[in-house]
Amino acid sequence: MDKLLIRGGRPLAGEIAISGAKNAALPILCASLLSADPLQLTNVPRLRDVSTMLRLIEQMGVKVAHEGSDGVLLDSHGLDNPLAPYDMVKTMRASILVLGPLLARHGEARVSLPGGCAIGARPVEQHTRGLQAMGAEIQVEHGYIHARLGAGRRRLKGARIVTDMVTVTGTENLMMAAVLADGDTTIENAAREPEVVDLANCLISMGARISGAGSDKIRIRGVERLHAATHAVMADRIETGTYLCAAAATGGDIRLTGTSAAYLDAVVDKLLDAGCEIVAEREAIRLKAPPRLKAVSVRTSPYPAFPTDMQAQFMAVNCVAEGSAVIRETIFENRFMHAVELIRLGADIKIDASNAMVTGVERLDGATVMATDLRASASLVIAGLVAQGETLIERIYHLDRGYEGIEQKLGRLGAQVRRIR
Ligand code: EPU
């Protein structure tokens, strides 16, 4: 298993390009299942989760052709095997995103029920309940969700769905199912995440009739079929935020291109509170950090509030800031696994249920630490860049799921980072 060796203590400086968003690319790849005509995508990040999703839809009968460095052409004409097997779903929970599109286009789907995960239980009953409201018959057998159209039915039917909580992939799954349904669907309490809007924009360019994406009420008028389209995946706001945090924590000065501050207000506000200077350009962001940051408290909530996917990185930032801060996680029940690893580097963190009290220390010291999930790994990278001496991060396959070319990008910013195979 690959490891990452970081020699810390240098401020990050320079310019890098941000990749396409993992959490927009994954549902958009699934959107290709909705049409027999091709879907041409650009700005698709080269990540392990993206190749897992491509393999998953390929074994369903989708033809996948790579075009250039970030393009993919998907042809679902021959879709004939509506199955997401356990082996794939267990490595990537986002596989659940095939459920709505398969049911809508193929009339049937068998998708392994995702198990628990490192950050929480993460059930999917909102996905299945919404599909049932649209007329699907759903059974869970032998660990698989088996979804079918009701007897005599050719299409799902439009419905009013109010989800019990804000769920990102739940909203995406139901929106994709509804675009081919007979009649109108509304999804209330919908997730407002920018990735939901990017998916909606892709579906609209395929011929779907959707309004309200980006608000908590999405309206979908079902159509008989979708057509060929092209779409450029939005920039990854979490990758952007992660590099901003890395620059902030190391006292750096960086410019990120191919991205924008537009979807990062909550994160940018916290970095400004910490004492950073930030210049938002049209398609770039520049951050200059002060010699020492001030600690800032954060509370995670659905968009547009502070994202849970940036919580671990902010914990690392606070570890070396001046003063104390409280990090409150409200989305996932077990998303503090990085704290114990950060403590191994010398951080002062006390966990009390969903609150972490972080008191900044003058310095961290390199050690061997273990990555437990994607964003936890990112926080260990940030801490390793700050720490004196060498930090060895084990199990970095988590990082490869969501950060394209992380050691090359950090290298371009002057960091000393080496992958050990
Ligand atoms: N939930 C339920 N029942 C459901 C669905 C969700 O109880 O049927 C709960 C979850 O357990 C959680 C909360 O609702 O407590 C919100 O979960 P959500 O469904 O929004 O999460 P997700 O859709 O599974 C996506 C991202 C995550 C990100 C979360 C929250 C993708 C592929 N994944 O997950 O990204 O943390 O939204 O913003 O979009 C990551 O990239 O590292 C990552 C984990």
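Student: What makes the pair formed by Thr167 and the ligand a polar contact?

Tutor: An N or O atom in the side chain of Thr167 is 2.7 Å from an oxygen atom of the ligand. A polar contact is a pair of N or O atoms within 3.5 Å (within protein, one must be able to donate a hydrogen and the other to accept it, and residues adjacent in sequence count only if both atoms are side-chain atoms), so the Thr167 pair qualifies. Please keep in mind that this is a predicted model, where local features need pLDDT of at least 70 and side-chain atom pairs count only at pLDDT 80 or more, while totals for chains, interfaces and linings use all residues. Residues are numbered from 1 along each chain as its sequence is written, and side-chain values use heavy atoms, with hydrogens and water left out.

Student: Which distances put Arg122 and Arg375 in polar contact with the ligand?

Tutor: A polar side-chain atom of Arg122 lies 3.0 Å from a ligand oxygen, and for Arg375 the distance is 2.8 Å.

Student: How do you know how much of the ligand the protein buries?

Tutor: Alone, the ligand exposes 830 Å², and the protein buries 87% of that. Accessible areas come from the Shrake-Rupley method with a 1.4 Å probe; for residues, only the protein chains shown count as cover.

Student: Why are H1 and H2 called roughly parallel?

Tutor: The axes of H1 and helix H2 (residues 48-58) come within 10 Å and cross at roughly 5°. Angles under 35 degrees count as roughly parallel, over 145 as roughly antiparallel, 65 to 115 as roughly perpendicular and the rest as oblique. H1 is therefore roughly parallel to H2. Axes are lines fitted to C-alpha atoms, for helices over the stretch in contact, and angles run from 0 to 180 degrees between N-to-C directions.

Student: Which residues of H1 and H2 meet?

Tutor: Lys22, Ala25, Leu26, Leu29 and Cys30 in H1 meet Asp49, Val50, Met53, Leu54 and Ile57 in H2, where contact means heavy atoms within 4.5 Å.

Student: What makes Asn43 stand out, and where is Asn43 found?

Tutor: Asn43 has a positive phi of about 60° although it is not a glycine. Asn43 is in the loop between strand E3 (39-42) and H2. Helices (H or I, at least four residues) and strands (E, at least two) are DSSP runs, numbered from the N terminus.
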